[in-house]
Amino acid sequence: MAPLDRKLSAFNDIALLIGRILIAALFVVAAYNKFKGLGGTTTYFTKLGVPAPSAVAPLVATFELAAGALLIAGFKTRYVALVVAGFVIIAALLAHTNFADGNQLNHFLKNLAIAGGALALFVAGPGRYSVDARR
């Protein structure tokens, strides 16, 4: 390992913690907004053609809250990260495929970037500052 790589590797665990928190923040805030405006979320899901939107909306909000909390804690991180990657890809394909609209294209690409970050967490693991590391 090169000297610079050795010096930078000291920051790996901190970078993994920050990465988990940043990804999780998106899910926790999204869950809060869905719960706060559950009627609007249900209406939006209906517009997207989601089956049983009145049941799916609170389930999605609950998933987002749980995924965010688990990522912050670093509990079962690899599994959660893999599920999160699949979730955001499905969300992108369901809700953000009008590529003629630049905003929708940006949301689609954002979701793919989140999936990329989640896959990196899947490969790297949660780092030392996590529940997983203490087990």
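How exposed is Ala 52: buried, partly exposed or exposed? Ala 52 counts as partly exposed, at 48% relative accessibility. Keep in mind that we are looking at a predicted model.

Let's stay with Ala 52 for a moment. It sits in the loop between H3 and H4. Look at its backbone. Phi is positive there, about 45°, although Ala 52 is not a glycine. Why point that out? Most residues other than glycine have a negative phi. Now move along to Lys 76. Here too phi is positive, near 55°, and again the residue is something other than glycine. Lys 76 is found in the loop between H4 and H5. Its relative accessible area is 33%, so Lys 76 is partly exposed.

Next, Ala 55. This residue lies in helix H4. With 39% relative accessibility, Ala 55 counts as partly exposed. Find Thr 42 as well. Ala 55 and Thr 42 are 13 residues apart along the chain, and 8.4 Å separates their C-alpha atoms.

Now the salt bridges. How many does a search of the whole structure find? It finds 2.

Take Asp 13 and Arg 128. They form a salt bridge, and their closest N and O atoms are 3.3 Å apart. The pair links distant parts of the chain, 115 residues apart. Asp 13 is in helix H2, while Arg 128 is in the loop between H6 and helix H7, which runs 131-134. Check how covered each partner is. Asp 13 has a relative accessible area of 19%, and buried means under 20%, so Asp 13 is buried. Arg 128 is partly exposed, at 49%.

Then there is Glu 64 with Lys 34. Their side chains meet in a salt bridge, at 3.1 Å from N to O. Glu 64 belongs to helix H4 and Lys 34 to helix H2, so this pair ties together parts that are 30 residues apart in sequence. Are these two buried or exposed? Both Glu 64 and Lys 34 are buried.

Hold on to those two names, and come to the largest pocket. Glu 64 and Lys 34 are among the residues that lie nearest its centre. Phe 45, Phe 87 and Ala 91 are the others named there. The lining has 23 residues in total. The volume of the largest pocket is about 610 Å³.

Which helices line it with at least two residues each? They are H2, H3 (38-48), H4 (53-73), H5 (77-95) and H6 (102-124). H5 gives the largest share of the lining, with 6 residues. What kinds of residues are they? The lining divides into 16 nonpolar, 4 polar and 3 charged residues.

Last stop: the surface. There is a nonpolar patch of about 700 Å². Its members are Leu 4, Leu 8, Phe 11, Ile 14, Ile 18, Leu 22 and Tyr 129. Helix H1 (3-9) and helix H2 (12-36) each supply at least two of the patch residues. Which helix gives the most? H2 does, with 3 residues.

Pick out Leu 22 from that patch. It lies in helix H2. Its relative accessible area is 59%, and over 50% counts as exposed, so Leu 22 is exposed.

One thread to take away: helix H2. It holds Asp 13 of one salt bridge and Lys 34 of the other. It supplies at least two residues to the pocket lining. And it gives the most to the nonpolar patch.

How values were computed:
Residues numbered from 1 in each chain as written. Predicted model: local features only at pLDDT ≥ 70, side-chain atom pairs only at ≥ 80, totals over all residues. Heavy atoms only, no water. Patch = residues over 30% accessible without salt bridge, like charges linked within 9 Å, V, L, I, M, F, W, Y side chains within 5 Å. Areas by Shrake-Rupley, 256 points an atom, 1.4 Å probe, with all protein chains shown as cover. Salt bridge = Lys/Arg side-chain N within 4 Å of Asp/Glu carboxyl O. Helix = DSSP H or I, 4+ residues; strand = E, 2+ residues; numbered from the N terminus. Buried < 20%, exposed > 50% of the residue type's maximum accessible area, 1.4 Å probe, protein only. 1 Å grid on protein atoms, 1.4 Å probe; cavity = no way out; pocket = protein on both sides within 12 Å on 5 of 7 lines; lining within 4 Å. Points joined across faces, edges and corners; volume = space filled by probe spheres on them. Nonpolar A, V, L, I, M, F, W, Y, C, P; charged D, E, K, R; others polar.
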